[in-house]
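Please open the model in your viewer and keep the sequence beside it, since the stops below are given as residue selections.

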Amino acid sequence: MSGLDKRVYTYEEALEGLTDNMTVLSGGFGLCGIPENLINEIKRRGVTGLTVVSNNCGVDGFGLGVLLEDRQIRKMVASYVGENAEFERQLLSGELEVVLTPQGTLAEKMRAGGAGIPAFYTATGYGTPVAEGKEVRDFNGRHYILEEAITGDFAIVKGWKADHYGNVVYRNTAQNFNPLVATAGKITVVEVEEIVEPGVLLPSEIHTPGIYVNRVIQGTFEKRIEKRTTRD
Amino acid sequence: MALTREQMAQRVARELKDGYYVNLGIGIPTLVANYVPDDIDVMLQSENGLLGMGEFPTQATIDADMINAGKQTVTARRGASIFNSADSFAMIRGGHVDLTVLGAFEVDVQGNIASWMVPGKLVKGMGGAMDLVAGAENIIVTMTHASKDGESKLLPVCSLPLTGAGCIRKVLTDLAYLEIQDGAFILRETAPGVSVEEIVAKTAGKLIVPDDVVEMTF
């Protein structure tokens, strides 16, 4: 219809242009709110040498874990990577480089990247191995370290609903890193459970405005639960 | 007798005040939620982006899109809000959370904490722990006083890589409640039936024992 219609209709189209050695930012916390079909499309395309930035790296056989099977990830930037036997194996054998980054710093790096801020000072990590090699500066008698922003060639995002303008809302805690990732990709691709007619999403309820979004696709999701806990 | 995990959670819960926003780490800190007194209202923050964590769901109401920082399925209580990870850590780093409770491997007399990395063992990551200890004014560390081999975890200097430097003022172990001030641990309370001598023997860092140490009751 117009240049503001971000819809694509196949996953192949959704990740058109993704090639070897690119940096991919992914939303999600554990298995909650992960762009599971876009991840599967990365696997299908067989691209390698990827740098992946995500809070976690999925589990064996689901989420980003599937990209480990064919060794598509060269470098992983994450805050916690404990749930994955293949990850552990590749890490210990040196096949996979890992940059462990405090969770709040990781979120802020992508927020800054999307907002045109090249770096920021934070107290997080001062005096720890995370601070090694980083500039330290004092503000008001406290120590802070300089952390650099992160941007990606592609950002892959899981939303709940979007309209064709690329306005996105997230559902419950499936929001997590997704809105931040969405701002920091050169090409931001959002997969959602439902693409609704324009006007259905109210302007004041949009989490991610369409300006950040290049492509939107509607998918179906398994939404695997990592730790099923109930009171009954 | 050393405190059970439940007693440790109960003791921490006595630090809660009406109107507090509280972040509870994984393990013993999570149990604190079971001992919030009936006459106060506190809001639990979960760093994946939930302020107002409620009880676990039922089988019928379980929701894959509603988890806590431990990746367990939870509910949102009345008055809850949900936000992105940068906002979540703005709350944490910005000092807006009134009380943070988390576990550790070691703490030392300078208020340093080590809780995420044992060299030579697989390192899984720090998650949000470094942000939590850097941002909070009021932190309680919960841990056992000594390792299974009897090695003290309250040290002159942490031996493991740090999670944060100079940020811990309060420690609850299975044997005692202590504060950290001016380069020393100060014994404030003993677990029921635990002698001061035992605590002295199991505290490697400088320990001050004031005259007014009290025994906890449950």
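Begin at B:G95, which follows α3(B) and has a positive phi, near 75°; helices (H or I, at least four residues) and strands (E, at least two) are DSSP runs, numbered from the N terminus. This is a predicted model, in which local features need pLDDT of at least 70 and side-chain atom pairs count only at pLDDT 80 or more, whereas totals for chains, interfaces and linings use all residues. Residues are numbered from 1 along each chain as its sequence is written, while chains are lettered from A and ligands numbered from 1 in the order in which they are written.

Next, select helix α3 (residues 85–93) of chain B, whose buried residues are B:S85, B:A86, B:S88, B:F89, B:I92 and B:R93; buried means that 20 or more other C-beta atoms, placed from the backbone, lie within 10 Å of the residue's own. They cover an arc of only 155° around the axis, which puts them on the same side of α3(B), the arc being that of the directions from the helix axis to the C-beta atoms.

Now add what these buried residues pack against: α5, β5 (119–122) and α6 of chain A, together with β1 (21–24) and α4 (129–135) of chain B.

Widen the selection to the contact between the chains, which takes 45 residues from chain A and 42 residues from chain B, with contact meaning C-beta atoms, placed from the backbone, within 7 Å. The largest share of the side of chain A that touches chain B, six residues, comes from α5(A).

Finally, select the open sheet of three strands in chain B, ordered β7-β6-β9 with mixed pairing, where strands pair if DSSP finds at least two bridges between them. Strand β6 (residues 106–108) runs parallel to β9(B) and is joined to it by two bridges; B:V107 has B:L154 as its bridge partner in β9(B).

Note on methods. Contact = placed C-beta atoms within 7 Å. Buried ≥ 20, exposed ≤ 12 C-beta atoms within 10 Å, placed from the backbone.
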